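Student: I am new to this structure and would like a close look at a single part of it. Could you take me through one place where two parts of the chain meet, step by step?

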Amino acid sequence: MQDFSFPAPPTAPDTAELRAEVRDFLATELADYPAAKRIRSWSGFDADFSRKLGQRGWIGMTWPKEYGGHERSAIERYVVLEELLAAGAPVAAHWIADRQSGPLLLKVGTEEQKRSILPRIAAGEYFFCIGMSEPDSGSDLAAVRTRAVPVEGGWQVNGTKLWTTYAHHAHAMILYCRTGSADDRHGGTSQFLVDLTLPGITIRPIADLSGARHFNEVVFEDVILPHSALIGPEGNGWAQVMSELAYERSGPERFLSTFVLLVELVRAISGQSSSDREVEALGRLGGHLVVLRRLSRSVAGMLQNGSNPALQAAVVKDLGAIVEQEIPEIVQQLLATEPDLRSSDSLSAVLGYAILNAPAFSLRGGTREILRGIIARGLGLR
Amino acid sequence: MNETSQIVKDTASRLFADRISPKLLLEAEAGIWPAEEWALIEEMGLPFAMVGEDDGGVGLDDVDAATLVRVAGAEAVPLPLAETMLANRFLAAAGLALASGPATVAPVCPEDRFSLERGSDGWRLSGTAHRIPWGRTAQTIVVLAEMGPQCFVVRLGNEQIRVEPAQNLAIEPRDSVIVEAVLPDEAVAPLPIGWGVDDLIAMGAALRTAAIAGAIGRVLEMTVGYANDRVQFGRAIGKFQAVQQSLAVMAGHAAAASGAADLAAEGLSQRAGSMAIGIGKARAGEAAGVVSTIAHQVHGAIGFTHEHSLHFLTKRLWSWRSEFGNESHWNRQFGEQMAKAGADGVWPLIAAL
Ligand SMILES: Cc1cc2nc3c(=O)[nH]c(=O)nc-3n(C[C@H](O)[C@H](O)[C@H](O)COP(=O)(O)OP(=O)(O)OC[C@H]3O[C@@H](n4cnc5c(N)ncnc54)[C@H](O)[C@@H]3O)c2cc1C
């Protein structure tokens, strides 16, 4: 059985000022931003907003200054992230680049990749998407079929990526694909930095069940990548993609996706004489978030210390998705308000959005079952 | 944790692990007081863990004291360690003599209160407190009673109370304590301004949260161990994905309970002023239910027997989640705070915890 402990999160007595600064900024910037949009949480896309965050120094916060970063602590970054999420700020444009693509490049990218890309990410001007899933490779990521073969001057890529969030707005993709034999499930894969304007790339949007368009199919047809596009050593893709997932799974966005609905529940309950049942249900959800937040901050501390909290991150994401999904469930049990995406009533619209998006919370970033498999491995069962 | 605290914790862990056997737990269920084990605990000074060195205590900080209770919870230690620690803490806070021997506190149910009056013949204390841990065994009973805005500590000997025995599911004494007494000045002293009965309930809740987290941690270990050992259909049952998924759920709740206990322990110094204690108690209580259910499911029929030692922990988990305020009590308290904070204040409230 691996160590499952969550050490006390690093104390950061000096974050109060930063927190106040972010709150002030959000109060001004989002003054007229309605709850019906805030509930999109980290799926809300606004390139201008991301640029403003970049100007404030709130993207790439922990990265070295020489690459456009700000050399702040992981806990300071955490404060900014959770304030943005709690306010329902539209952070999707830069979120993936800040969370995982940038850190991946910083860790294994070439000097040229770091110098040319990281400062633009930190400025909030260069956006990434994640090229992992494919039609026949979802949970079984090692089954990817998209292939890059060495050719004169670089690599030639063919294949299809699927569910690629905001590929249609992103500048670049981190592509995970096969470079070796299909029998070598792990060793035969690599990662590439792909400029999405290259010829041969077709991005086709896919509507989700509500009709919204955020994810895409991305088809590669004889796309030529330069040698300089390879990230890390050839054949090291699996190890890299796994470390990327630790970043992808550990943040506060894994339990705050429906926080804006909880705020609307508070508004509904505190406005009238509330029943014991409502107050109790509210307190339970709030308490769950407080405990999750502690565990999640502990993971941020472990990442900062350079330890590998992949197991703890899986635990937080699994517990977090449950609470994210319980919030709409419990609001629907408690209140008579009918969910309606297009309602002018905030609660109704926010509830509608939360219900329609809740199924994704335990799919994206690794399904519930896959996370529990990781936890079971940590317990020494597999 | 500093070096002294670490030594106390390690020594206590070893002591509990060595002495608290299934045989001893069965005897405790039969009503036999583990006198030798209590003596060893006293020798280590554990009953005074939450009393400052200046007041004659060990002077661990509150978080380390809670860790001791957590370690005891993992071994299902059938002794009033947390209760005696609390009793002495309140005696010291009121400047009364510390208790020698096992002690307990009252009231422990959020709605129970004693009445205290100053009569011509002394202090009159009267009332009934339910579900008092080890009420019949304690040599000293530390009662908190409010008179107007002032809360007093009353130090009673066991001859001054009447006990109606009752017990929790683990057959730990949870007695009704009935008091009708006139007491001299030496037995009654005021607590500092701002302290009240709620502080006792909250601190008790924090220590029960610690015990729950300890017991849950051990139940997880036992259940994973069993899943790796027990063979059906030619392989360890832990190799079946359905069992793995259940154990992963258990591990998630165990992590939450552990974080909840940390939050509650850190809240101890603020007593009832800490929202973290109630949040922790409620979250750990919820985990206690899920973890016990899965543990028994994975253990099969053998885990349902009196012979197997799983029940020493699960019966405590089922009991402890109801003690010192159940989930409903604490969730409602935090819910009220959230509603009071309002839509704009609810995030700042959460982020400050
Ligand atoms: C909103 C959204 C955004 C996304 N964005 C991106 C993105 O930007 N980039 C990207 O690469 N991907 C993205 N994804 C894809 C996501 O990573 C996959 O959906 C996920 O990995 C699961 O793959 P799948 O959908 O093919 O389901 P499958 O893998 O086919 O799973 C279907 C079901 O079977 C279960 N299952 C599968 N294997 C096992 C097993 N071994 N044991 C037990 N159960 C199993 C799963 O848990 C699930 O319940 C996104 C998905 C969503 C919903």
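Tutor: In this predicted model, the domain assignment divides chain A into domain 1 (16-127), domain 2 (130-235) and domain 3 (239-378), and the part to look at here is where domain 1 of chain A meets domain 2 of chain A. Taken over C-alpha atoms, the centres of domain 1 of chain A and domain 2 of chain A are separated by 25 Å, and the contact draws on 16 residues from domain 1 of chain A and 15 residues from domain 2 of chain A.

Between them, domain 1 of chain A and domain 2 of chain A bury about 1,300 Å², with 68% of that area on carbon and sulfur atoms. Of the area that domain 1 of chain A buries against domain 2 of chain A, 35% is supplied by A:Phe45, A:Gln113 and A:Phe127, which is more than any other three residues give.

As for polar links, 6 residue pairs are in polar contact between domain 1 of chain A and domain 2 of chain A, counting pairs with both residues at pLDDT 80 or more, while the rule finds 0 salt bridges across this interface.

Turning to the side of domain 1 of chain A that touches domain 2 of chain A, the elements giving two or more residues to that side are helix H5 (92-108) and helix H6 (111-122) of chain A, and H5(A) gives the most, with 8 residues. Sorted by class, that side of domain 1 of chain A holds 9 nonpolar, 4 polar and 3 charged residues.

Technical notes. Residues numbered from 1 in each chain as written. Chains lettered and ligands numbered in written order. Predicted model: local features only at pLDDT ≥ 70, side-chain atom pairs only at ≥ 80, totals over all residues. Heavy atoms only, no water. Domains from an automatic or database assignment. Contact = heavy atoms within 4.5 Å. Buried area = accessible area lost by both parts, 1.4 Å probe. Salt bridge = Lys/Arg side-chain N within 4 Å of Asp/Glu carboxyl O. Polar contact = N/O pair within 3.5 Å; in protein donor to acceptor, adjacent residues only side chain to side chain. Helix = DSSP H or I, 4+ residues; strand = E, 2+ residues; numbered from the N terminus. Nonpolar A, V, L, I, M, F, W, Y, C, P; charged D, E, K, R; others polar.
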